[in-house]
Amino acid sequence: MSGTVTITGISGSVNFQHLKVNIAPFKQYILVSGLFYPDDHNNYQLSGSFDKYVQSYVKKIIQSQKGNDFIIYDVNILAGTITKTEYFANSSPKKSTLTFDKVINSDYVRANNSIRFENNSKKIISKTDVYKLIEDIGTNNPNTLQEVHVFSHAYWNGPILVNTDSGGGDCDMRKADFTSGTINVTNFKNAFTSSGFMKIWGCSFPVATNALFSKFRNNKQYSTTKTIPDSTIFSFVPNTFYYHPSGSLPVDLTPQINGILGTTHKVNDSIKLTFLEIKKILAYNYLSVYAGVIAKKIGIKVISALPATYANIDPTFHIAPSTMANVTFYKKHLDVKIEDGNYGVYDESTVQSLEAI
């Protein structure tokens, strides 16, 4: 599927001087299913993958692209397969599959009160294989990649495909991939069509960051129904910025504030912040998560959970109602666009706008 035309016969004039042939380029899609890796939600057992969400989205693509030529890559980490299916307007689909090692429960080991995949003798599907798919398209068929979807658990640092530690043998997608030379930025960007995008379907929920945002939202000066001038002063009584997690000691949130603003507030101080300073804190978090780094470094659109928002998966992926107040904050006061499922848009124009705050 190369987008070329072969002329096998000509009847009449062979003067092509004024002839224009418009060929609609085929589109490509990459869909990745991460794992329900062992944790306290599944009794510390590997309990499957997000493949059902991939298959549901495959049906959506097929329906929307009916009558066109297109390609879908189904990246199934659990099964160890990357299946390329070429769909044609006038003939049957053509499939080819790359095989890798499967992931099984015994590949996970407990260390330091956590369970991680640690079977480095296996060749399983990793982030490097996903990135290579994208870069190869950028090299061989540029401007044809329409969508990349990662259905998996995730956090602020990126999608958790397998649940590995950083360093050697790391399989999980992390924002450092885009700042350390792991990615060929040119080939990565060239892969996408002008309207192409990535979508990260999992969470982006640092608990302490959500606690900090809630302190701002609970202040009497905050509003979701009117514009708040940047000069508005938000006053906080001493000890406001303690977060009290259940069953744990209080957490001091002022280092988050000071680290971003360059201030020296102490948790037992009376603290005053302008709304502009509060917006700077939210903007910093937007720019610092995995999706924000891609939007800035690569210059493509990424759809992802906004900072301090949590994704539910039943019956389909969507941002949890319990964290919608943070979505509203970004939409109302930082002009971040919101798409289906209440996921935020990370793109060049928004990055530039928030960097200027």
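## Largest pocket

The largest pocket of this predicted model has a volume of about 860 Å³. Its lining consists of 34 residues, and the closest to the pocket centre are Tyr37, Asp39, His41, His153 and Ile160. Three strands each give two or more residues to this lining: E6 (114–117), E8 (153–155) and E16 (311–312). By residue class, the lining of the largest pocket is made up of 17 nonpolar, ten polar and seven charged residues.

## Enclosed cavity

Rolling a probe the size of a water molecule over the atoms shows where empty space is left. In this model the count comes to one cavity of 30 Å³ or more, and the largest cavity has a volume of about 60 Å³. Its lining is formed by Ala154, Tyr155, Trp156, Gly158, Pro159, Ile200, Cys203, Ser204, Val289, Tyr290, Ala291 and Ser304. The elements that give two or more residues to the cavity lining are strand E8, strand E9 (158–160) and helix H7 (290–297).

The lining of the largest cavity divides into nine nonpolar and three polar residues, with no charged residue. The lining of the largest pocket, by contrast, includes seven charged residues. Strand E8 is named for both linings, that of the pocket and that of the cavity.

## Overall architecture

The protein chain contains nine helices and 19 strands. Its C-alpha trace spans about 85 × 55 × 40 Å along the principal axes. Of its 357 residues, 48% count as buried. Among contacts with a sequence separation of 6 or more, 64% are between residues 24 or more positions apart.

The chain is divided into domain 1 (27–201) and domain 2 (207–281). The centres of the two domains, taken over C-alpha atoms, are separated by 37 Å.

## Nonpolar core

The largest nonpolar core has 101 residues, of which Ile30, Phe188 and Phe216 touch the most other members. Helix H6 (residues 275–288) gives the most to this core, with seven residues. Domain 1 and domain 2 each supply at least three residues to this core.

What surrounds Phe188? Beyond residues up to four places away in sequence, Phe188 touches Tyr131, Ile134, Glu135, Phe178, Ile183, Met198, Ile298 and Ile300.

## Met198 in strand E10

Met198, one of the residues that Phe188 touches, is found in strand E10 (residues 192–200). Is Met198 buried or exposed? Its relative accessible area is 0%, so Met198 is buried. Leaving aside neighbours within four places in sequence, Met198 is in contact with Val148, Phe188, Phe192, Ile294, Ile300, Lys301, Val302 and Ile303. Of these contacts, Ile300 is also touched by Phe188.

Val103 lies 95 residues from Met198 along the chain, and the C-alpha atoms of Val103 and Met198 are separated by 25 Å.

## Helix H4

Helix H4 (residues 207–217) is mostly covered, with eight of its eleven residues buried. The buried residues are Thr209, Asn210, Ala211, Leu212, Phe213, Ser214, Phe216 and Arg217. Phe216 is also one of the three residues that touch the most other members of the largest nonpolar core.

What covers the buried residues of H4? The covering elements include strands E11 (233–236), E12 (242–243) and E14 (271–274), together with helices H5 (254–261), H6 and H8 (324–334). Helix H6 is the element that gives the most to the largest nonpolar core.

Notes
Residues are numbered from 1 along each chain as its sequence is written. This is a predicted model: local features need pLDDT of at least 70, side-chain atom pairs count only at pLDDT 80 or more; totals for chains, interfaces and linings use all residues. Side-chain values use heavy atoms; hydrogens and water are left out. On a 1 Å grid over the protein atoms alone, a cavity is a set of points where a 1.4 Å probe fits but cannot get out, and a pocket is an open set with protein on both sides within 12 Å along at least five of seven lines; lining residues have an atom within 4 Å of a point. Grid points are joined across faces, edges and corners, and a volume is the space filled by probe spheres set on the points. Helices (H or I, at least four residues) and strands (E, at least two) are DSSP runs, numbered from the N terminus. Ala, Val, Leu, Ile, Met, Phe, Trp, Tyr, Cys and Pro count as nonpolar, Asp, Glu, Lys and Arg as charged, and the others, Gly among them, as polar. A nonpolar core is a set of buried Ala, Val, Leu, Ile, Met, Phe, Trp, Tyr and Cys residues joined through side-chain atoms within 4.5 Å. Buried means under 20% relative accessible area, exposed over 50%, partly exposed in between (1.4 Å probe, protein chains only). Domain bounds come from an automatic or database domain assignment. Contact means heavy atoms within 4.5 Å.
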